[in-house]
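I opened this model to look up its fold, its charged pairs and its main pocket. My notes follow in the order I made them.

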Amino acid sequence: MEKRIIITTGMEIPERKIKEILGIVRGNTVRTRNFVRDIGAGLKNLIGGEIKAYTEMIAQSREEAFHRMIQKAKEVNADAIIGVRFITSMVMQGASEMLAYGTAVKLK
């Protein structure tokens, strides 16, 4: 059975004490836009509304970065990840990075 890691955006875990800070763990992915999606996005821009192809792409990127962060926490034998955050940045024209990061800790 795989070890379950507690993950929170908070800086503490109710009814648990942090024994040791193991360091920052992160996971990221870089995605590029798709020409076909761009055509659809351009049309949506004219009439308004959600660009579902981009929404799905961002959701997939977030999940991938999140799971990579968890894998890094498992590699250092963490019990939890606190202070989890997501950020995005443009790497180059048409390509963005999704980064998930937090602090890996051991619990008492």
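**Entry 1: a glutamate and its partner.** I started with E64, which is partly exposed because its relative accessible area is 25%. This is a predicted model, so I read every value below as computed from the prediction. I then looked for the partner of E64. R68 pairs with E64 in a salt bridge, with the closest N and O atoms 2.5 Å apart. Both sit in helix α2, four residues apart, so about one helical turn separates them. R68 is partly exposed too, because its relative accessibility is 39%. I followed the charges further and found a network of salt bridges that links R31, E64 and R68.

**Entry 2: the other charged pairs.** How many salt bridges does the structure hold? I noted four. Side chains of opposite charge can pair when their charged atoms come close. One of the four joins E75 and K72, at 3.9 Å from N to O. E75 and K72 are three residues apart in helix α2, about one turn of the helix. I checked their exposure. E75 has a relative accessible area of 53%, so it counts as exposed. The cut-off for exposed is over 50%. K72, at 41%, is partly exposed.

**Entry 3: a bridge across the sequence.** Next I took K106 and D79. Their side chains meet in a salt bridge, 3.7 Å from N to O. K106 belongs to strand β4 and D79 to the loop between α2 and β3, so this pair ties together parts 27 residues apart in sequence. Are the two residues buried or exposed? K106 is buried, with a relative accessible area of 16%. D79 is also buried, at 15%. Both values count as buried because the cut-off is under 20%. I then listed what D79 touches, leaving out residues up to four places away in sequence. The contacts are K3, R4, I5, I6, V105, K106 and L107. The salt-bridge partner K106 is therefore in that list as well.

**Entry 4: overall layout.** I stepped back to the fold. The protein has two helices and four strands. From the N terminus on, the order of elements is β-β-α-α-β-β. Of the 108 residues, 28% are buried. I also looked at contacts with a separation of 6 or more. Residues 24 or more positions apart account for 75% of these.

**Entry 5: the largest pocket.** I looked for open space next. The largest pocket holds about 270 Å³. Which residues are closest to its centre? Of the 15 lining residues, they are R31, M57, I58, A95 and S96. R31 also belongs to the salt-bridge network with E64 and R68. I asked which elements contribute to the lining. β2 (18-32), α2 (52-75), β3 (80-92) and β4 (95-107) each supply at least two residues. By class, I noted six nonpolar, six polar and three charged residues in the lining.

**Entry 6: backbone oddities.** Most residues other than glycine have a negative phi. I looked for exceptions and noted two residues. E15 has a positive phi of about 65° although it is not a glycine. E15 lies in the loop between β1 and β2. At 84% relative accessibility, E15 counts as exposed. N77 is not a glycine either, and its phi is positive at about 60°. N77 sits in the loop between α2 and β3. That loop also holds D79. N77 is partly exposed, at 45% relative accessibility.

**Entry 7: confidence.** I closed with pLDDT. The mean for the protein is 87, and 84% of its residues reach 70 or more. Which element has the lowest mean, and which the highest? Helix α1 (residues 35-47) is lowest among the elements, with a mean of 55. Strand β1 (residues 6-7) is highest, at 98. Where pLDDT is low, the predicted coordinates should not be read in detail. I marked helix α1 in my notes for its mean of 55.

Conventions. Residues numbered from 1 in each chain as written. Predicted model: local features only at pLDDT ≥ 70, side-chain atom pairs only at ≥ 80, totals over all residues. Heavy atoms only, no water. 1 Å grid on protein atoms, 1.4 Å probe; cavity = no way out; pocket = protein on both sides within 12 Å on 5 of 7 lines; lining within 4 Å. Points joined across faces, edges and corners; volume = space filled by probe spheres on them. Nonpolar A, V, L, I, M, F, W, Y, C, P; charged D, E, K, R; others polar. pLDDT = per-residue confidence, 0-100. Contact = heavy atoms within 4.5 Å. Buried < 20%, exposed > 50% of the residue type's maximum accessible area, 1.4 Å probe, protein only.
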